[in-house]
Amino acid sequence: MCYSLSASKDQEVCDGGGSTSCSQSPTKQVRMTTLTHRTRRTEISKNFEKKVESEEDTNQERSPENEDSGDSKDIRLTLMEEVLLLGLKDKEGYTSFWNDCISSGLRGGILIELAMRGRISLEPPTMRKKRLLDRKVLLKSDSPTGDVLLDETLKHIKATEPTETVQTWIELLTGETWNPFKLQYQLRNVRERIAKNLVEKGILTTEKQNFLLFDMTTHPVTNTTEKQRLVKKLQDSVLERWVNDPQRMDRRTLALLVLAHSSDVLENVFSSLTDDKYDVAMNRAKDLVELDPEVEGTKHNATEMIWAVLAAFNKS
């Protein structure tokens with residue numbers, strides 16, 4: 001078969017090879033190749049965007065705001081549970097009868113826990129309300145936390161109008177108010193309810209002890225490993241891992257040190273240390289809680305609720 005001079009090169013190949021894929025011209029092949037490259041680039045771009053979004057979601061889930069406590073390998077405890085665990089006598093299963101600070105400390109822990117979970121915050125500072133103790137507690141989200149005490153407090157904060165300050169909320173939740181119409185906000189049986197949570201998590205057990213005139217439910221520590229881990233974390237934070245800057249400290253550790261001091265259980269944390277280390281730890285913890293909350297609360301990345309709770313305890 002003869003071909004004219006005007007016959008194209010691709011026609012010769014197609015007639016000679018008989019391949020159906022060669023029926024396309026180079027121009028069409030170039031266009032399809034370009035289109036294929038664009039499609040691949042689009043797919044790669046979409047996959048990259050999905051990967052970035054996935055990483056952002058993962059980082060958000062791992063952020064301190066959404067962390068309940070400690071390391072993911074450890075039992076997750078709320079700040080209230082950690083404070084009570086530090087205050088309990090291991091074998092006896094109850095707190096010191098002379099400790100009248102732990103009740104308000106547990107309520108302060110509830111407010112800090114809610115703030116760290118993104119449920120509440122302090123209102124923005126204004127010219128008239130710059131001090132932490134003057135600013136009201138605002139509800140950010142009323143979504144359930146899964147903890148009965150936290151959710152009960154959220155319900156109270158949501159129903160209260162006008163809003164109240166941190167110090168007022170600690171007093172209301174503790175029941176230390178002269179207003180009979182505000183007694184409904186008192187959280188009752190807080191220690192027992194927190195202890196039951198620790199029993200469910202396998203850290204405490206429940207027993208009955210006779211104290212001559214009455215029987216009392218006690219909660220001895222069964223998981224001493226978890227309590228020692230907690231004690232060791234606080235000891236290290238003021239000894240081996242001391243950074244001398246609260247803004248560089250882990251926020252939950254900082255909050256726990258503040259609450260342990262305010263609940264008068266910090267002595268239990270450092271009692272096992274040698275005399276030299278005990279003095280260093282107590283002095284550093286003292287320096288920490290004696291910082292000016294108004295100054296620390298305004299610093300970059302500061303958790304205002306921690307310093308507001310400390311300011312409330314300092315004033316009371």
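A search of the whole structure, which is a predicted model, turns up 15 salt bridges. A few of these pairs make a good starting point for a tour of the protein chain.

One of the salt bridges joins the side chains of lysine 233 and glutamate 82, with a distance of 4.0 Å from N to O. Lysine 233 belongs to helix H8 (residues 224–238) and glutamate 82 to helix H3 (residues 79–87), so this pair ties together parts that lie 151 residues apart in sequence. Glutamate 82 has a relative accessibility of 1% and therefore counts as buried, since the term covers residues under 20%.

Helix H8 takes part in another such link. Lysine 227 forms a salt bridge with aspartate 90, and their closest N and O atoms are 2.6 Å apart. Here lysine 227 lies in helix H8, while aspartate 90 sits in the loop between H3 and helix H4 (102–116), so the pair ties together parts that are 137 residues apart in sequence. The two partners fall into separate classes of accessibility: lysine 227 is buried at 8%, whereas aspartate 90 is partly exposed at 30%.

A further salt bridge brings together the side chains of glutamate 123 and lysine 129, at 3.5 Å from N to O. Glutamate 123 is buried, with a relative accessible area of 15%, and lysine 129 counts as partly exposed at 29%. Elsewhere, Glu113, Arg117 and Arg252 are joined into one network by salt bridges that share partners.

Stepping back to the whole protein chain, the secondary structure consists of 13 helices and 4 strands. The chain has 316 residues, of which 39% count as buried. Contacts across the sequence can be described as well: among those between residues at least 6 apart in sequence, 63% join residues at least 24 apart.

The surface completes the picture. The accessible surface of the protein chain amounts to about 18,900 Å², and carbon and sulfur atoms account for 50% of that area. On this surface, Leu212, Leu213 and Phe214 make a nonpolar patch of about 430 Å². Phenylalanine 214, one of the patch residues, is located in the loop between strand S3 (207–210) and strand S4 (215–218). With a relative accessible area of 43%, phenylalanine 214 is partly exposed; this value is over the 30% that patch residues must exceed, so the residue can be counted in the patch.

Methods
Residues are numbered from 1 along each chain as its sequence is written. This is a predicted model: local features need pLDDT of at least 70, side-chain atom pairs count only at pLDDT 80 or more; totals for chains, interfaces and linings use all residues. Side-chain values use heavy atoms; hydrogens and water are left out. Patches are made of residues with over 30% relative accessible area and no salt bridge: like charges are joined within 9 Å, nonpolar side chains (Val, Leu, Ile, Met, Phe, Trp, Tyr) within 5 Å. Accessible areas come from the Shrake-Rupley method with a 1.4 Å probe; for residues, only the protein chains shown count as cover. Helices (H or I, at least four residues) and strands (E, at least two) are DSSP runs, numbered from the N terminus. Buried means under 20% relative accessible area, exposed over 50%, partly exposed in between (1.4 Å probe, protein chains only). Contact means heavy atoms within 4.5 Å.
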